[in-house]
Amino acid sequence: MFDHVIQAISKLQRDYPNVTITLISGSTTDLLARLNQGELDFLFALDFTQKASYDYLDFPDADVRGVFINRHHPLASEPAITAEQLTQYPVAISRQSSFNDSLVEELGLKASQLNIRMKYNLIGNARMYPLVDDQLLWVGIAGVINALELLFKAFTPENISTGTMIWKHTPFLTPLHEEFIHYLENELPIK
């Protein structure tokens, strides 16, 4: 999802070189509060379900969910990870409840079946854990982190997340906001 956003920002700044963009990372819960208070213009979220309260743009492509594991993990040679395998090892998982709720529901699990060792809000900070603990399954999205020391294993059956850009309902947007939405729409693949 986020590659489309970066492409749109790059093209916008090529045409408007004096525009500065500030990107802020965090959990959807934390950033949604800031969006509602007017501190953020847009919010990019995975599996966002409160769309009726906002204006939004859905991303047509899907992100594959799975686990990042140490190259020495016992499941390193597996082609994909099953729900049962997920319950047999300690996991690090996003603290974003919508991500976790849809994950366990789609895999046919209950959250109580998981041995959760860590919840994270910034994926980059959590990436160190499977480097140290070769038993850990770190739940995430394919392509978010590229580290030679880690392998990504998708869930089977396939488990996907969809992205959405959200902004507050408003009768008008600034011309710059409208331009950004236009640039982003041009970057999205057609459904």
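This passage describes the overall fold and the salt bridges of a predicted model.

The protein chain contains 7 helices and 7 strands, and from the N terminus these elements follow the order α-α-β-β-α-β-α-β-α-α-β-β-β-α. The chain is as compact as a globular protein of its length, because its radius of gyration of 18 Å is close to the 16 Å that the globule rule gives for 191 residues. Along the principal axes, the C-alpha atoms occupy a box of roughly 55 × 35 × 30 Å. Of the 191 residues, 43% count as buried. Among contacts with a separation of 6 or more, 73% come from residues 24 or more positions apart. The exposed surface of the chain is about 10500 Å², with carbon and sulfur atoms supplying 50% of it.

Turning to charge, the chain carries 14 positive and 23 negative side chains, and the centres of the two sets are 5 Å apart. The count of salt bridges comes to 5. One of them pairs Lys11 with Glu187 at 2.7 Å, N to O. This pair links distant parts of the chain, 176 residues apart: Lys11 belongs to helix α1 (residues 2-15) and Glu187 to helix α7 (residues 175-187). Lys11 is partly exposed at 30% relative accessibility, whereas Glu187 is buried at 18%.

A further salt bridge joins Arg65 and Asp47 (3.5 Å, N to O). Arg65 sits in strand β2 (residues 54-70) and Asp47 in the loop between β1 (43-46) and β2, so the bridge ties together parts 18 residues apart in sequence. Arg65 is buried, with a relative accessible area of 0%, and Asp47 is buried too, at 13%. Salt bridges with shared partners connect Asp47, Arg65 and Glu106 into one network.

Notes. Residues are numbered from 1 along each chain as its sequence is written. This is a predicted model: local features need pLDDT of at least 70, side-chain atom pairs count only at pLDDT 80 or more; totals for chains, interfaces and linings use all residues. Side-chain values use heavy atoms; hydrogens and water are left out. Helices (H or I, at least four residues) and strands (E, at least two) are DSSP runs, numbered from the N terminus. The radius of gyration is taken over C-alpha atoms; the globule rule is 2.2 Å times the number of residues to the power 0.38. Buried means under 20% relative accessible area, exposed over 50%, partly exposed in between (1.4 Å probe, protein chains only). Contact means heavy atoms within 4.5 Å. Accessible areas come from the Shrake-Rupley method with a 1.4 Å probe; for residues, only the protein chains shown count as cover. Lys and Arg count as positive and Asp and Glu as negative; His and the chain ends are not counted. The place of a charge is taken as NZ of Lys, CZ of Arg, CG of Asp or CD of Glu. A salt bridge is a side-chain nitrogen of Lys or Arg within 4 Å of a carboxyl oxygen of Asp or Glu.
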